[in-house]
Amino acid sequence: MANDIISKTYRVSGDHDIVVAEAGSGPAVVFIHGSGPGASGQSNFRQNVQAFVDGGFRVILPDLIGYGASSKPEGIDYTLDLFTNTLYEALVAHGIEKATLIGNSLGGGIAIQMAMDHPEFVDRLILMAPGCIHEREEYFKMPGIAGMVSSFGGPDFNEEEQRRLITNLVYDPVHVTDALVKERFAVARTQPKDVIVRMRTPNLAPRLGELKMPIQLFWGYNERFMPLEGINLFFEACPDVRCVTFNKVGHWVQVERADEFNRYSLEFLHG
């Protein structure tokens, strides 16, 4: 499968480069990864790509600004607008006119923002414990976010610390493989501390009613980053929402329950 993934780089506003990988053909689905040291499009969604390609979709795997192989500027705030606008620009340059956005965590917040900014661009939303729907103070109270405090960006950051951070994202540590740790550590070593410490996200909850497209939510019951009541915010505000919740699952539904995530998502996409 990896051999079938093609990557292209796009220069966007601010002279930043955004790398976009893709596989398959058909209607476009854009997988938007979350934050955290070492994150990238391919590492976050490796267990999902083939199922969506086989399901008849053109799978798009961007690296957000500050992540993967994209530009990693220092000395700036990493705002939701920065993430969303640079990604949107790259997707348009990549020739995408309409897509389903699939976002986890910060990636979910970006998907929500893009759907609000460009509703004509977004066909459907698939969101796995999306961010940006509470005040920052609420997130800082969550045990997962407290557990993400680390030596990232400093000389003491090592593979063991990287492993601890990834383990924080899952319910069962069996999902944290040596290969995953090494892959993300290699990216983390190229990232400035600003990617994490200067991230700035708004609370989009008051605007959720703007999302008129069909929405599929996924949430791990043992989620330690995004409050479970986030589900209710969508149910109350949006016209067309369904949610699948798994017990004994943390922040990475698409990893911990990959087969079921893929199956439910494809059923949703096929209407």
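Student: Which elements each supply at least two residues of the lining of the largest pocket?

Tutor: There are three to look for in this predicted model: helix H5 (136-140), helix H9 (194-197) and strand E8 (199-200). H5 gives the largest share, 3 residues.

Student: How much space lies in the largest pocket, and which residues are the closest to its centre?

Tutor: The space is about 770 Å³. The lining has 30 residues, and the closest to the centre are Ser 35, Phe 140, Ile 145, Ile 196 and Met 199.

Student: What makes a residue of that lining nonpolar, polar or charged?

Tutor: Its residue type. Phe, Ile and Met count as nonpolar, while Ser falls among the polar ones. Sorted this way, the lining of the largest pocket holds 16 nonpolar, 10 polar and 4 charged residues.

Student: What about the second largest pocket?

Tutor: It holds about 200 Å³ of space. Its lining has 14 residues, and Ser 43, Arg 46, Gln 47, His 175 and Leu 180 are the closest to its centre. Helix H1 (41-44), helix H8 (178-188) and helix H11 (253-256) each give two or more residues to this lining. The largest share, 3 residues, comes from H8. By class, the lining has 5 nonpolar, 7 polar and 2 charged residues.

Student: Why are H7 and H8 called roughly perpendicular?

Tutor: Start with the angle. The axes of helix H7 (residues 159-167) and H8 cross at roughly 110°. The label covers 65 to 115 degrees. The angle falls in that range, so H7 and H8 are roughly perpendicular to each other.

Student: How do you know that H7 and H8 make a contact?

Tutor: Contact needs heavy atoms within 4.5 Å. On the H7 side, the residues that make it are Glu 159, Gln 162, Arg 163 and Ile 166. On the H8 side, they are Asp 178, Leu 180, Val 181, Lys 182, Arg 184, Phe 185 and Ala 188. The helix axes themselves come within 9 Å.

Student: How do the residues of that contact divide by class?

Tutor: Into 5 nonpolar, 1 polar and 5 charged. Gln counts as polar, and Glu, Asp, Lys and Arg count as charged.

Student: What makes a space a cavity, and how many of 30 Å³ or more does the structure hold?

Tutor: A 1.4 Å probe fits in a cavity but cannot get out. The structure holds 1 cavity of 30 Å³ or more. The largest cavity has about 40 Å³ of space.

Student: Which residues line the largest cavity?

Tutor: Ser 35, Gly 36, Pro 37, Met 148, Gln 162, Leu 165, Ile 166, Leu 169 and Arg 184. H7 supplies the largest share, 3 residues. The classes come to 5 nonpolar, 3 polar and 1 charged.

Student: Why is the chain called as compact as a globular protein of its length?

Tutor: First, the chain itself. It has 12 helices and 10 strands. Its radius of gyration is 17 Å, and the globule rule gives 18 Å for 271 residues. The two values are close, so the chain is as compact as a globular protein of that length.

Student: What does the C-alpha trace span along its principal axes?

Tutor: About 50 × 40 × 35 Å.

Conventions
Residues are numbered from 1 along each chain as its sequence is written. This is a predicted model: local features need pLDDT of at least 70, side-chain atom pairs count only at pLDDT 80 or more; totals for chains, interfaces and linings use all residues. Side-chain values use heavy atoms; hydrogens and water are left out. On a 1 Å grid over the protein atoms alone, a cavity is a set of points where a 1.4 Å probe fits but cannot get out, and a pocket is an open set with protein on both sides within 12 Å along at least five of seven lines; lining residues have an atom within 4 Å of a point. Grid points are joined across faces, edges and corners, and a volume is the space filled by probe spheres set on the points. Helices (H or I, at least four residues) and strands (E, at least two) are DSSP runs, numbered from the N terminus. Axes are lines fitted to C-alpha atoms, for helices over the stretch in contact, and angles run from 0 to 180 degrees between N-to-C directions. Angles under 35 degrees count as roughly parallel, over 145 as roughly antiparallel, 65 to 115 as roughly perpendicular and the rest as oblique. The radius of gyration is taken over C-alpha atoms; the globule rule is 2.2 Å times the number of residues to the power 0.38.
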